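Ready for some practice in reading a protein model? Work through each exercise with the structure open beside you, and try each task before you read its solution.

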Amino acid sequence: MTNKIYIDGVSSAAHQLFFDTLPIFPIAIETVNTIKIPGRNNTLHQKTEEFQDLSVQLRAVHVGLNVDDIVSWISNGKKLEMDSVPGRFALIKGATAYNPKRLGRGAIEFSLTIKIDPFKYDKASEAWNLDKLEYFAVPNKISVSGNYEALPILLMSEVESGTEITLNGVKVKITADVETLVFDVENKVVYQMLSDDTKIIAQNVTEGAFWEWKLFPGNDNYIEMNKGIIAMWKNERWL
């Protein structure tokens, strides 16, 4: 049993936990609302752009008899990786164990279910680092390799009042001179980066719905800006 999972980068083997086989991550299912219309025989189905949490089903062997410790270790973790899906990770929502069976010699076999977030993420871009961001020229096209929309973090330097930036048709205007400005689209916040890397919320320095910025799968995302320089981080993700 050489297959391993990793919780926040720590191998299951470090906890004497082993697997004969590992699945791949399941595919997320979108929640659909069913609408019944009086006088019609058929129903309408409305997509919600919301996705159900997923479950990874495993059969595990633990050398040791305290399965509760294993479940606690996984449940308290944040990121799940598996040897069967290199380069991807999922966010953990919880874990349960059931159907234990003693094997002798201090080992126990049991079923393990790990509940995860619907999305799978690119390990290579799992965290953004200010020092690793690369500035690029604009206007420019941006590619997204994931199969679902990405919510970017944009960093702008040497920002002057009157600067306008448009991403996929959504325009935002800067209304004050700022040395470094960061747009965190997923968390819907704009903040300034000070010289010591301290972050402070930027109040009343932008106009426009930056929280509507999205990057779509493929190579046709387009960004333009009338002045200044910009860098971007993308949270590549898959259903």
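## Exercise 1: A salt bridge between two loops

At 26% relative accessibility, Lys214 counts as partly exposed. Keep in mind that this is a predicted model.

**Task.** Find which residue pairs with Lys214 in a salt bridge, and say where in the chain the two partners sit.

**Solution.**
- Step 1: Start from a general idea: side chains of opposite charge can pair when their charged atoms come close.
- Step 2: The partner is Glu149, and the N to O distance is 3.5 Å. A salt bridge requires these atoms to be within 4 Å, so the pair qualifies.
- Step 3: Now place the residues. Lys214 is in the loop between β18 (206-207) and β19 (218-225), while Glu149 is in the loop between β11 (140-144) and β12 (153-159). They are 65 residues apart, so the bridge links distant parts of the chain.
- Step 4: Check the surroundings of Glu149. Its relative accessible area is 13%, so Glu149 is buried.

## Exercise 2: Two further salt bridges

**Task.** The whole structure has eight salt bridges. Describe the one formed by Lys4 and the one formed by Lys93.

**Solution.**
- Step 1: Lys4 pairs with Asp83, with 3.9 Å between the closest N and O atoms. Lys4 belongs to the segment before β1 and Asp83 to the loop between β7 and β8, 79 residues apart.
- Step 2: Lys4 has a relative accessibility of 22% and is partly exposed. Asp83, at 33%, is partly exposed too.
- Step 3: Lys93 meets Asp53 at 3.1 Å, N to O. Lys93 lies in strand β8, and Asp53 in the loop between β5 (43-51) and β6, 40 residues apart.
- Step 4: Lys93 is partly exposed at 46%, and Asp53 is partly exposed at 32%.

## Exercise 3: Inside the nonpolar core

**Task.** Which residues have the most contacts inside the largest nonpolar core, and which element gives the largest share of this core?

**Solution.**
- Step 1: This core holds 32 residues, and those with the most contacts inside it are Ile5, Ile74, Leu80 and Ile114.
- Step 2: Several elements each supply at least two residues, among them β1 (5-7), α1 (67-75), β7 (79-82) and β9 (107-122).
- Step 3: The largest share, seven residues, comes from β9.
- Step 4: Look around Ile114. Leaving aside neighbours within four places in sequence, its contacts include Ile5, Ile74 and Leu80, along with Leu54, Val56 and Ile92.
- Step 5: There is also a second, separate core of 26 residues, including Ile142, Leu167, Phe183 and Met225.

## Exercise 4: Ser11 and Ile35

**Task.** Is Ser11 buried or exposed, and what does this residue touch? Then do a similar check for Ile35.

**Solution.**
- Step 1: Ser11 is found in strand β2 (residues 10-11).
- Step 2: Its relative accessible area is 17%, so Ser11 is buried; the cut-off for buried is under 20%.
- Step 3: Not counting residues up to four places away in sequence, Ser11 touches Lys4, Ile5, Tyr6 and Trp73. A polar atom of its side chain also lies 3.0 Å from the backbone nitrogen of Ala13.
- Step 4: Ile35 lies in strand β4 (residues 30-36). With a relative accessible area of 34%, Ile35 is partly exposed.
- Step 5: Finish with a distance. Ile35 and Phe19 are 16 residues apart along the chain, and their C-alpha atoms are separated by 44 Å.

Note on methods: Residues numbered from 1 in each chain as written. Predicted model: local features only at pLDDT ≥ 70, side-chain atom pairs only at ≥ 80, totals over all residues. Heavy atoms only, no water. Core = buried A, V, L, I, M, F, W, Y, C linked by side-chain atoms within 4.5 Å. Buried < 20%, exposed > 50% of the residue type's maximum accessible area, 1.4 Å probe, protein only. Helix = DSSP H or I, 4+ residues; strand = E, 2+ residues; numbered from the N terminus. Contact = heavy atoms within 4.5 Å. Polar contact = N/O pair within 3.5 Å; in protein donor to acceptor, adjacent residues only side chain to side chain. Salt bridge = Lys/Arg side-chain N within 4 Å of Asp/Glu carboxyl O.
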